[in-house]
Amino acid sequence: QVQIVESGGGLVQTGGSLTLSCVVSGYTFNFNGFGWYRQAPGKRREFVAAISSGNITHYADFVMGRFTISRDNAKSTVYLQMNSLKPEDTGVYFCNVPTQVTIGRASWGQGTQVTVVS
């Protein structure tokens with residue numbers, strides 16, 4: 001069973017940066033894609049970014065040019081580098097397997113809280 005642990009969130013001022021980490025276990029990490037998602041207070045969870053097993057990346061329009069997703073197969077870890085943060089980026093950030101999310105079979109962890117203040 002896949003286990004995912006997100007970390008790296010925190011409180012940051014507008015324009016600041018954070019790097020989130022997602023450590024994956026119990027899964028064939030190297031051969032699968034992963035994605036970051038977020039949920040703002042009172043809103044539905046939304047897609048942020050994804051990276052394939054071949055390092056092809058895809059981003060939501062609202063983070064294009066500001067966020068960078070990457071992976072380290074040796075550490076079974078996915079990263080999300082977030083720059084130029086805005087208050088609207090505030091929310092709980094989750095990591096998961098996009099294929100599982102798409103078919104509604106994803107199991108969500110605790111996520112990591114990101115709070116951007118002006």
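Accessible areas here come from the Shrake-Rupley method with a 1.4 Å probe. With that in hand, welcome to a short tour of this predicted model.

**Figure 1. The whole chain, its surface and its overall dimensions.** The accessible surface of the protein chain comes to about 6400 Å², and carbon and sulfur atoms account for 50% of it. Along the principal axes, the C-alpha trace spans about 40 × 25 × 25 Å. The radius of gyration is 13 Å, which agrees with the value near 13 Å that a compact globule of 118 residues would have. Buried residues make up 38% of the 118 residues. If you count contacts between residues at least 6 apart in sequence, 52% of them join residues at least 24 apart.

**Figure 2. The secondary structure, followed from the N terminus.** The chain holds 1 helix and 10 strands. Reading along from the N terminus, the order of elements is β-β-β-β-β-β-β-β-β-α-β. The helix therefore sits between β9 and β10 in that order, if you are tracing the chain by eye.

**Figure 3. An open sheet of 4 strands.** Here the strands line up in the order β1-β3-β8-β7, with antiparallel pairing. Which strands lie at the edges? They are β1 (3-7) and β7 (67-72), each of which pairs on one side only. From one strand to the next, the twist averages 15°. Strands of a sheet pair through backbone hydrogen bonds, either parallel or antiparallel.

**Figure 4. A closer look at β3 and β8.** Strand β3 covers residues 18-25 and strand β8 covers residues 77-82. The two pair in the antiparallel sense over 6 bridges. A handy landmark is L20, whose bridge partner in β8 is L80.

**Figure 5. Strand β9 and its two partners, β4 and β10.** Is β9 (residues 91-96) largely enclosed or open? Of its 6 residues, 5 are buried, so β9 is largely enclosed by the rest of the structure. Strands β4 and β9 run antiparallel and are joined by 5 bridges. Within this pairing, W36 stands opposite C95 in β9. Strand β10 (residues 112-117) also pairs with β9 in the antiparallel sense, over 3 bridges. Here V92 has Q113 in β10 as its bridge partner.

**Figure 6. T112 and the residues around it.** T112 belongs to strand β10. Its relative accessible area is 8%, and because buried means under 20%, T112 counts as buried. A polar atom of the T112 side chain lies 2.9 Å from the backbone nitrogen of G9. Not counting residues up to four places away in sequence, T112 touches E6, S7, G8, G9, L20, G91, V92 and Y93. You may recognise L20 as the bridge partner of L80, and V92 as that of Q113.

**Figure 7. Y27 in a loop.** Where does Y27 sit? Its place is in the loop between β3 and β4 (34-39). With 29% relative accessibility, Y27 counts as partly exposed. Leaving aside neighbours within four places in sequence, Y27 is in contact with V2, N32, F34 and V97. For a sense of distance, try T102: this residue is 75 residues from Y27 along the chain, and their C-alpha atoms are separated by 18 Å.

Key: Residues are numbered from 1 along each chain as its sequence is written. This is a predicted model: local features need pLDDT of at least 70, side-chain atom pairs count only at pLDDT 80 or more; totals for chains, interfaces and linings use all residues. Side-chain values use heavy atoms; hydrogens and water are left out. Two strands pair if DSSP finds at least two bridges between them. Axes are lines fitted to C-alpha atoms, for helices over the stretch in contact, and angles run from 0 to 180 degrees between N-to-C directions. The radius of gyration is taken over C-alpha atoms; the globule rule is 2.2 Å times the number of residues to the power 0.38. Buried means under 20% relative accessible area, exposed over 50%, partly exposed in between (1.4 Å probe, protein chains only). Contact means heavy atoms within 4.5 Å. A polar contact is a pair of N or O atoms within 3.5 Å; within protein, one must be able to donate a hydrogen and the other to accept it, and residues adjacent in sequence count only if both atoms are side-chain atoms.
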